[in-house]
Amino acid sequence: MSDAPKDPRDKMTAGVLAESRLVNGLPGLGAFRVKAADGGAVPEFLAGQATSVAFEQDGEILTRWYSVASPPEQRHALDFLVVDAKGSGKGLFALEAGAPLWFGSCVGKLTLERSDCRHLVLLGTGTGLAPYLSMLRHLKAQAAAGQPVPVAVALFHGARRGAELAFRDELEALAKEQPFRFLYVPCVSRPGEDPDFDPARTTAGRADEAAARVLGLPSPGQDPRGVSFPAVFEPAALAALLPEDDTAIYLCGNPKMIDAFDAACAGTPRQERLVFERWW
Ligand SMILES: Cc1cc2nc3c(=O)[nH]c(=O)nc-3n(C[C@H](O)[C@H](O)[C@H](O)COP(=O)(O)OP(=O)(O)OC[C@H]3O[C@@H](n4cnc5c(N)ncnc54)[C@H](O)[C@@H]3O)c2cc1C
């Protein structure tokens, strides 16, 4: 028997990088679309799941995990939202459209099926938005098909600066359109460094602090400067939509945020309804 390391691609689907673009022109934030090389359907998955993607680079085969940002209803392609965390310009960022790659089956438990609560808080930092994009796009399709949807969904998305709030236009349009009861709370943690910061439409402060404030939880304590909501935003009105005994709180993104939020929920009924998965 050979001791040669197994090629991770052996059990994966051959694919192609179909599209690649920078989000809001930021060099380290990319939206990528992959398709099966044979033009067939992509693997089935649940909104919120992730898959591994393998590709050749610098003579190596690299494998990375990414959450699927597209909804399960989209059968011809998988979409990803990816950050170049080290600013290396490598990984998917270095591939040209048309480059071969491989993807695995989709797995993970950060799914809508994890909870039977009828109200949802989706709290995400950075690319932690990706699984929520899949969920929200799925819920929109569910609503259009007359299928059951939650009573209310509130998304708290945190980034350092406004430009990093990926897919803001789509999320604002969803909040305006209301195919289901949806509230979008974009949060910028470094408004002082953001010349485009608009306090009329963006919360100043961390997303976890904003969510904790709305949910009546103690501060996760990572930023004592606290939060400042836009004047039109009423935390108490949103809180009334998120009853303690029927609201699941999903967490995705920076592991320190997840730990701090979990700790802030300790000893409260909210903690029983936390749903999260660590990425790194
Ligand atoms: C289940 C799962 C789902 C994932 N989904 C996504 C996704 O949708 N989008 C995505 O960009 N990444 C996602 N990741 C992380 C991804 O697999 C890589 O780790 C990340 O892209 C960084 O890769 P790298 O090669 O640059 O550096 P790595 O060597 O993998 O990581 C370097 C360091 O960068 C930081 N880091 C890693 N990932 C991120 C991130 N997403 N945001 C900020 N800092 C990070 C960590 O401090 C890490 O130690 C996921 C990981 C898992 C396990």
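## The ligand shell

By class, the residues around the ligand are 11 nonpolar, 5 polar and 2 charged. This is a predicted model. In it, 18 residues surround the ligand. The closest are W65, S67, A85, T127 and A130. Two elements give two or more residues each to this shell: strand 4 (60-67) and strand 5.

Which domains supply the shell? Domain 1 (8-103) and domain 2 (112-276) each give at least three residues.

## Two domains

The domain assignment splits the protein into domain 1 (8-103) and domain 2 (112-276). Their centres, taken over C-alpha atoms, are 26 Å apart. How many residues does each domain bring to the contact? Domain 1 brings 18 residues, and domain 2 brings 16.

Look at the side of domain 1 that touches domain 2. Strand 5 (residues 78-83) gives the largest share of that side, with 4 residues. By class, that side of domain 1 has 13 nonpolar, 4 polar and 1 charged residues. Strand 5 also gives two or more residues to the ligand shell.

## Helix 1

Helix 1 covers residues 130-144, which makes 15 residues. From its first C-alpha to its last, helix 1 reaches 22 Å. That is close to the 21 Å expected at 1.5 Å a residue. A130 of helix 1 is buried, and A130 is also among the closest residues to the ligand.

The other buried residues of helix 1 are P131, Y132, L133, S134, M135, L136, R137, H138 and L139. What covers the buried residues of helix 1? The cover includes strand 4, strand 5, strand 7, strand 8, helix 2 (168-177) and strand 11 (247-252). Just after helix 1, G146 takes a positive phi of about 75 degrees.

## Helix 3

Why is helix 3 (residues 207-215) largely enclosed by the rest of the structure? Helix 3 has 9 residues and 8 of them are buried, so the rest of the structure largely encloses it. The buried ones are A207, D208, E209, A210, A211, A212, V214 and L215.

Several elements pack against these buried residues. The strands are strand 7 (119-125), strand 8 (152-159), strand 9 (182-188) and strand 10 (203-204). The helices are helix 4 (235-240) and helix 5 (255-265). Strand 7 and strand 8 also help cover the buried residues of helix 1. Just after helix 3, G216 takes a positive phi of about 70 degrees.

Note on methods. Residues are numbered from 1 along each chain as its sequence is written. This is a predicted model: local features need pLDDT of at least 70, side-chain atom pairs count only at pLDDT 80 or more; totals for chains, interfaces and linings use all residues. Domain bounds come from an automatic or database domain assignment. Two residues are in contact if their C-beta atoms, placed from the backbone, lie within 7 Å. Ala, Val, Leu, Ile, Met, Phe, Trp, Tyr, Cys and Pro count as nonpolar, Asp, Glu, Lys and Arg as charged, and the others, Gly among them, as polar. A residue is buried if 20 or more other C-beta atoms lie within 10 Å of its own, exposed if 12 or fewer, and partly exposed in between; C-beta atoms are placed from the backbone. A residue is near a molecule or strand if its C-beta atom, placed from the backbone, lies within 6 Å of it. The expected span of a helix is 1.5 Å times one less than its number of residues.
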